[in-house]
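Hi,

Here is the structure I said I would pass on. Have a look at it first, and then read my notes below.

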Amino acid sequence: MGRFALIAALMLTVAATMWLMPPGQLTLPGTSSTSAVAPRVSAKAVPPQANRPTATPPRGRSAAATPTPGAVTTPTPGNPTPTPTPVPGGIPTPTPVPGGIPTPTPVPGGTPTPTPVPGGTPTPTSNPWPTPTPTPAPAPTPTPAPAPTPTPGPTPTPSGVYVTQQCTLSATTVAPGQTLSATGSLWNNTTTALSLLEVVLAGRPPGGTNAGGPFDDFGPVSGAISVGAGATYTLRSSRTFTTSDPAGTWRCFLTYQTADGVYHDGLDTTFTVSSPAPTPTPVPTPTPAPTPTPAPTPTPSPGPTPPPSSGAYMGTSNGNLVYNGRVVTLRGENFNNEPALACCGGPNITKINANNADYAQASTVLGENAIRFGMDWNWYNANRTQFYQVLDQHVAWAKANHLWMLPVIYEVPGASAGGYCCQDAFWNSSSNQQTLINFWIDFATHYANEPTILGYDVINEPAPPSQSVYDGWSQRVYNAILGVDTNHIVSFEVSSAGWNLPSVSGSRILWQGHCYATVATNGCNFPGNNPASPPQRPFLVGEVGSQPSSGVSYVPGNLANFNQQGVSWTHFVMHEVGFGLYQTWGAGDFSVPFTAMIQAVQAAAAGSIKPT
């Protein structure tokens, strides 16, 4: 019993010493081993780092997010202090809780580890205190990490709203006191109506900005509108310029305001406001001296009226088209006016499906420099006065938009349709052939001094019965036109008789063929011995295009080929449900764009030389 009492007293002494020692290693007398400090445990335990939920780092910040603390563990009131867990090989060092009474870790199973006695055999002792069953700490419930708040980006343009017609102007130059008209269109390409707060044809003077003004806009503006599903909204506005408006280069653009208050701007169309003419200083009127009566002078016989300077007209030199001394390649568009032709709803000149907006679109949006303009002889035959009134208006629109015009006859006298067919009544009748020659004499006389006219495309896709018939008629019409107009050129196309050009003697000729396949393949063979290159120059590919069902297909490659060879081209066609750049029939209607083809034409037409 004395030994047991001694051992019990020793254990109490050691235990008391342990509570009083600072954390660290404890070296027992007679031993050299050390024990690691046990983790500190308190009533408010923090769960281990491995169990802490990790918040997802927000975008743009460090990935090292601050973890959320775990749940609080509360001890059971009234329980005695649990027995510390022994450390194998020595007496464990409990971790004291700062500022409070340490809670020792209970010994599993209730049996303490025997305390080694220096120099003797360790004797197991009974536990003088009952070992309480520890209250298990509830597993900490991780607090879910809050979802990161994304950084707001720019407000997107509403899906499905497209500017299909950029600001299109009635003129490119305006003087104080004059009014300039503007047109623009939007297209809702969705299945639901879209609400817009405002649509404006905006005007900005030199140095002005879109957002900062000055806001010298065209009027009226739209106000709040709703654009139906698949519908187009067209705004037409105007502005009268005054002497207070600054001279120089102005900008016009179509812009629309969405429900969030944001304006979405289209592309710029530039125009020039000219300086007001200075007010002349009045000069005193001198007293006239008496005028002596001159002797009568004999009246000379009038000589021929000299033509205007040849530099204002397109000419030919060394196989090139030449304008003002510069070599020009035509890169243009067909306005075939199909709804007005006898083949397709006419003949009715009032159904021509092109207007000033189309000329502006070709020049400013597509970047082209020429229009191949389709005509029907029946328009002229029905009403010559009306015919020239309409044609003069189209020539004026082409001039205002810096485009050359190449008029072409699609429907000839006696023919039932244009193209390589249905021309027998024309070619088998010398009277019909002469009627068309007479038309071109009158037409060339009317436009002899108009430099906007590029020349005369005398018949579209001729289908004569033989090459010799085509050769003879071609020479006669060439001689007849040059007899009244030496300023312009004449264009002759490949015929279906041998698929060759006519034999014509003359120097003011623009040769022509059409292309609806890859260059140097059937459908796009140049005439002559080399299907990949024209045999005579200058040469125009008067028609080249494809339909949306085929995509852009061979067209981009062909246009690049033509540009590289210096071959002129005019894409077919502006308006048509089929080959049209805009799959519509209406003049100025750009609501259904063949976007990929538009982009191909824009790329190929870039940098075109235009008439001044």
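In this predicted model, Gly315 sits opposite Val322 of β11. That pair belongs to the contact between β10 and β11 (residues 320-323), two antiparallel strands joined by three bridges. Both are part of an open sheet of three strands, ordered β10-β11-β12, with antiparallel pairing. β10 (315-317) and β12 (326-328) are the edge strands with a single partner each, so each has one side without a neighbour in the sheet. On average, neighbouring strands here are turned by 55° against each other, direction ignored.

There is another open, antiparallel sheet of three strands, and its order is β1-β3-β6. The edges here are β1 (161-169) and β6 (232-240); each has a single partner strand, so one side of each is left without a neighbour in the sheet. The average turn between neighbouring strands in this one is 15°, again ignoring direction. Strand β3 (residues 179-188) is held to β6 by nine bridges, and the two run antiparallel. If you want a residue pair to click on, Trp187 has Thr232 in β6 as its bridge partner.

One loop residue I looked at is Ser274, found between β9 (269-273) and β10. Is Ser274 buried or exposed? Neither, quite: its relative accessible area is 24%, which makes Ser274 partly exposed, given that buried means under 20% and exposed over 50%. Setting aside neighbours within four places in sequence, Ser274 is in contact with Val174, Ala175, Pro176 and Ala247. Asp245 is 29 residues from Ser274 in sequence, and their C-alpha atoms are 9.5 Å apart.

Now for the parallel strands. Strand β16 (residues 455-457) runs parallel to β17, with three bridges between them, and Gly455 has Ile489 of β17 as its bridge partner. β17 in turn pairs with β18 over four bridges, also in the parallel sense; Val490 stands opposite Ile509 of β18 there. From β18, five bridges lead on to strand β19 (residues 539-544), and these two run parallel as well. In that pairing Gly513 is opposite Val541 of β19.

What about burial in these strands? In strand β17 (residues 489-493), five of the five residues are buried, so mostly covered is a fair description. In a regular strand, side chains alternate between the two faces of the sheet. For β17, one side carries Ile489, Ser491 and Glu493 and the other Val490 and Phe492, with both faces covered. Note that Glu493 is among the buried residues. Strand β18 (residues 509-515) has seven of its seven residues buried, so the rest of the structure largely encloses this strand. Ile509, Trp511, Gly513 and Cys515 point one way from β18, while Leu510, Gln512 and His514 point the other way, and all of them are buried.

On to the helices. The axes of α6 (residues 430-446) and α7 (residues 467-484) come within 8 Å and cross at roughly 25°. An angle under 35 degrees counts as roughly parallel, so that is how α6 lies relative to α7. Their crossing is right-handed. On the α6 side the contact uses Gln433, Leu436, Ile437, Trp440, Ile441, Ala444 and Thr445, and on the α7 side Trp473, Arg476, Val477, Ala480, Ile481 and Val484. By type, the residues of this contact are ten nonpolar, two polar and one charged.

Helices α8 (residues 555-565) and α9 (residues 595-605) also pack together, at an angle of about 10° and with axes 10 Å apart. That makes α8 roughly parallel to α9. Val555, Pro556, Leu559 and Asn563 of α8 meet Met597, Ala600, Val601 and Ala604 of α9. This contact divides into seven nonpolar residues, one polar and no charged.

Finally, the whole chain. The protein chain has nine helices and 20 strands, and buried residues account for 40% of its 612 residues. Of the contacts between residues at least 6 apart in sequence, 69% join residues at least 24 apart.

Cheers

Conventions
Residues numbered from 1 in each chain as written. Predicted model: local features only at pLDDT ≥ 70, side-chain atom pairs only at ≥ 80, totals over all residues. Heavy atoms only, no water. Axes fitted to C-alpha atoms, helices over the stretch in contact; angles between N-to-C directions. Parallel < 35°, antiparallel > 145°, perpendicular 65-115°, else oblique. Left-handed = near helix turned anticlockwise from the far one by under 90°. Contact = heavy atoms within 4.5 Å. Nonpolar A, V, L, I, M, F, W, Y, C, P; charged D, E, K, R; others polar. Pairing = 2+ DSSP bridges. Buried < 20%, exposed > 50% of the residue type's maximum accessible area, 1.4 Å probe, protein only.
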